[in-house]
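Biologist: I would like a close look at a single part of this model. Please take one helix, go through it in detail, and then set it against its surroundings.

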Amino acid sequence: MYNTEFKNNTLLFSRSGELVRITAVHKNAIRFEAFPDCREFDEDYTLMPQSGEAEFEDAEYCAFMTVGALKLQLERNGKITFYKNGKVILEEKPELAYFDGYRHYERKEGSYSARVTFKSNDNERFFGLGHEPSGKFDLKGCSFDIRHVNAKCTVPFVYSSLGYGFIWNNPAIGNVELSENRTRWSVGATKKIDYVVIAGNPKEVSEALADLTGHAPVMPHWATGFWQSRLRYETQEDLLEVARRYYNEGIPLSVIIADYFHWTEQGDYKFDPKYWQDVKAMTDELHKMGTRLVVSMWPTINENSENYSYMRDNNMLIRTTKGSDKVFSFYGPQAEIDVTNPKTREFVFSRLKENYLDNGVDGLWFDEAEPEIHPEHFDNLLFYAGRGDEVGLIYPYYYVKMAYDGFTKMGETPVILTRAAYLGSQKYGALVWSGDIYSDFESLSEQVKAGLNMSICGIPWWNTDIGGFWGGDTTTEEYRELIVRWFQYGVFCPVMRVHGNRNRHGEKKRDVKEPTGDPNEIWSFGEKNYPVLRDLVMLRERLRPYIEKQMETASVKGYPVMRPMFFDFPEDEICYTLGEQYMFGNDILFAPIVNMGQREKEVYLPDGEWIDTKTKKVYRKGWHTVKAEIDEFVAFVKKGADVINCF
């Protein structure tokens, strides 16, 4: 084999127009990097390569590299093929005749557009890529933009039913096709192709993914209960009135949230004293009732902010290649802070600490985390970390790192509610939520599938706005049925949090920039629903010891809390088709009702004996029809598991 060199568990290969570096990065994982500039470029982004032992074999027309159960074949023309236990799992597909044209580059203003194409396998299913309301569970046959927008978060990782994981280790804006005729990963601006293949079943791949991108901390106890939020509590007294009612009625409330425009100006990072007169007194009272306070911030800043001039003059804002740097408009043009700059992170957290945390605020909600810009022209953005089109996906990673670094210095474990994430965000305490989604049954069905795909991407803390964010009229029977079904789903999510902008019925009461919508507390959806929702909150409370055990496993092993059925039953082919039921931890199987008027559910039970949580009847493997009136849900527990006592 010509132009190859093997040393230190790394294979180097050179050909005209490309240098390739192939490295063992875990016990069953191989990293592939290709450099169109023909020189090595050492950039891991958020990847944390581990040591792996590789065996090398040089044949006449190809070279082989074996790392555990994974074997890579490199042909003289540059073609790459991966084998697992002797079977092909991933094979490059040529773009030109005569089996040539592997990997494609075009020079572009100091970088390259690049793509790599693999053959399509008819019997393959894909899962992952973060969350998006596509309505798809198995992603085979789909094409997705690689970018973040509101309600779409791309974590560029997929798990294949053939028994491998694939990390696209590149934060550039691009596209992935998981189509019938090819699998193709493309980016518009980069300096290299970079990906990792991990051989293994779902649990083995999840462990390796956690090692390679970071382990989530153990979620603190205060975050595992019920979270109350709405758009929005206008005043300190409004918020306290809600917390007091929960307390007086004996309903455990773990967290209450102060949403956006509680502040003076965007970028001030502090409460408006006109409506929030004594923040420390408010948090003291909440803490006495057993409730924590989480406060929203946006990465936007306007020229009226007391921090604007300092941040602008110290290059702490996102810059642009042309035109104004005011890339977001909400109550006037707004610039955005550049959290990829460590000085920005240090300065902004100092303001958050002084104005919020030192006054008893317990956690932070990082909204607009994509970051949201209009129009979405990433090639016009300049970050401290690089060009927007080259590194745009990485923004939410550094956004939560800002809080993690600050909380860690304070000796605390942060839980950061965030609207987007990237590979590795989990190690900084990112609790991802799915954005401003619609309030109807179709949206609920989409979210179940989206959550399962996010769960396989190494980020175990995930949730939705229970009830959806917008379009919900709390006075209608349809919405009141939806809110019950969504609450049932919320019980069996890593975090149970109600939020939303409910249709407003009535006049604006105060001179505030952004008025509140209709009430969004559990007593706000009709007299019949109140006891049903209260009982669901109480069930969540009883489940907390079980949930916290699953959170420990998520931290140590990298296993998701909310798991697709194939995660625990990878040999059962049916489990790869089940997008509307899942395992909640080791022992609970939950099947949410996601249709208006639905009163029964077809559920598939894999191997074992399963106890219906309602009737306590024992079921065995196979399809079963289970009744579920509006105040009932469909869940099973593995026979012998103690958690059955919670139901």
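Modeller: I will take helix 7 as the part to examine, then move outward to the rest of the chain.

A caution comes before the details. This is a predicted model.

**Helix 7 itself**

Helix 7 covers residues 395–409, which makes 15 residues. From its first C-alpha to its last it reaches 22 Å. The span expected at 1.5 Å a residue is 21 Å, and the helix comes close to that. After the helix comes Gly411, with a positive phi near 80°.

How many of the 15 residues of helix 7 are buried? The count is 11, so the helix is largely enclosed by the rest of the structure. The buried set starts with Tyr395, Pro396, Tyr397, Tyr398 and Tyr399. It continues with Val400, Lys401, Met402 and Ala403. Gly406 and Phe407 complete it.

Lys401 deserves a second look. Its relative accessibility is 17%, and buried means under 20%, so Lys401 counts as buried. The side chain of Lys401 meets that of Asp405 in a salt bridge, at 2.7 Å from N to O. Both residues lie in helix 7, four residues apart, about one turn of the helix. An α-helix has 3.6 residues a turn, so residues three or four places apart point the same way. Asp405 has a relative accessible area of 28%, which makes it partly exposed. The bridge therefore joins a buried lysine to a partly exposed aspartate.

**A helix to set beside it**

Helix 9 spans residues 477–491 and has 15 residues. Its end-to-end C-alpha reach is 22 Å, close to the expected 21 Å. In helix 9, 12 of the 15 residues are buried, so this helix too is largely enclosed by the rest of the structure. Its buried residues include the charged pair of names Glu481 and Arg485. Among the others are Tyr479, Leu482, Ile483, Val484, Trp486 and Phe487. Gln488, Tyr489, Gly490 and Val491 are buried as well.

**Other salt bridges**

The Lys401 pair sits within one helix. Other pairs reach across the chain. Lys513 forms a salt bridge with Glu265, with the closest N and O atoms 3.9 Å apart. This pair links distant parts of the chain, 248 residues apart. Lys513 is in the loop between strand 32 and helix 10, and Glu265 is in the loop between strand 20 and helix 3. Lys513 has 39% relative accessibility and counts as partly exposed.

Glu303 and Lys326 form another bridge, at 3.3 Å from N to O. Glu303 lies in the loop between strand 22 and helix 4, and Lys326 in the loop between strand 23 and strand 24, so the pair ties together parts that are 23 residues apart in sequence. Glu303 is exposed, with a relative accessible area of 55%. Lys326 is partly exposed at 22%.

There is also a network of salt bridges. It links Arg21, Arg31, Glu33, Glu40, Asp42, Asp44, Lys192 and Asp194. The count of salt bridges comes to 61.

**A strand for contrast**

Strand 14 covers residues 157–160. Phe157 and Tyr159 point one way from it, and Val158 and Ser160 point the other way. All of these are buried. In a regular strand the side chains alternate between the two faces of the sheet.

Strand 14 has two antiparallel pairings to report. With strand 12 it pairs over three bridges, and Gly128 stands opposite Val158. With strand 15 it pairs over four bridges, and Ser160 stands opposite Tyr164. Strands 14 and 15 form a hairpin with three residues between them. Gly163 in that turn has a positive phi of about 95°.

**The whole chain**

The protein chain holds 11 helices and 40 strands. Of its 647 residues, 64% count as buried. A compact globule with 647 residues would have a radius of gyration near 26 Å, and the chain's 25 Å agrees. The C-alpha trace spans about 80 × 65 × 40 Å along its principal axes.

Among contacts between residues at least 6 apart in sequence, 71% join residues at least 24 apart. The chain exposes about 23600 Å², and carbon and sulfur atoms supply 46% of that area.

Notes: Residues are numbered from 1 along each chain as its sequence is written. This is a predicted model: local features need pLDDT of at least 70, side-chain atom pairs count only at pLDDT 80 or more; totals for chains, interfaces and linings use all residues. Side-chain values use heavy atoms; hydrogens and water are left out. The expected span of a helix is 1.5 Å times one less than its number of residues. Buried means under 20% relative accessible area, exposed over 50%, partly exposed in between (1.4 Å probe, protein chains only). Two strands pair if DSSP finds at least two bridges between them. The radius of gyration is taken over C-alpha atoms; the globule rule is 2.2 Å times the number of residues to the power 0.38. Contact means heavy atoms within 4.5 Å. Accessible areas come from the Shrake-Rupley method with a 1.4 Å probe; for residues, only the protein chains shown count as cover. A salt bridge is a side-chain nitrogen of Lys or Arg within 4 Å of a carboxyl oxygen of Asp or Glu.
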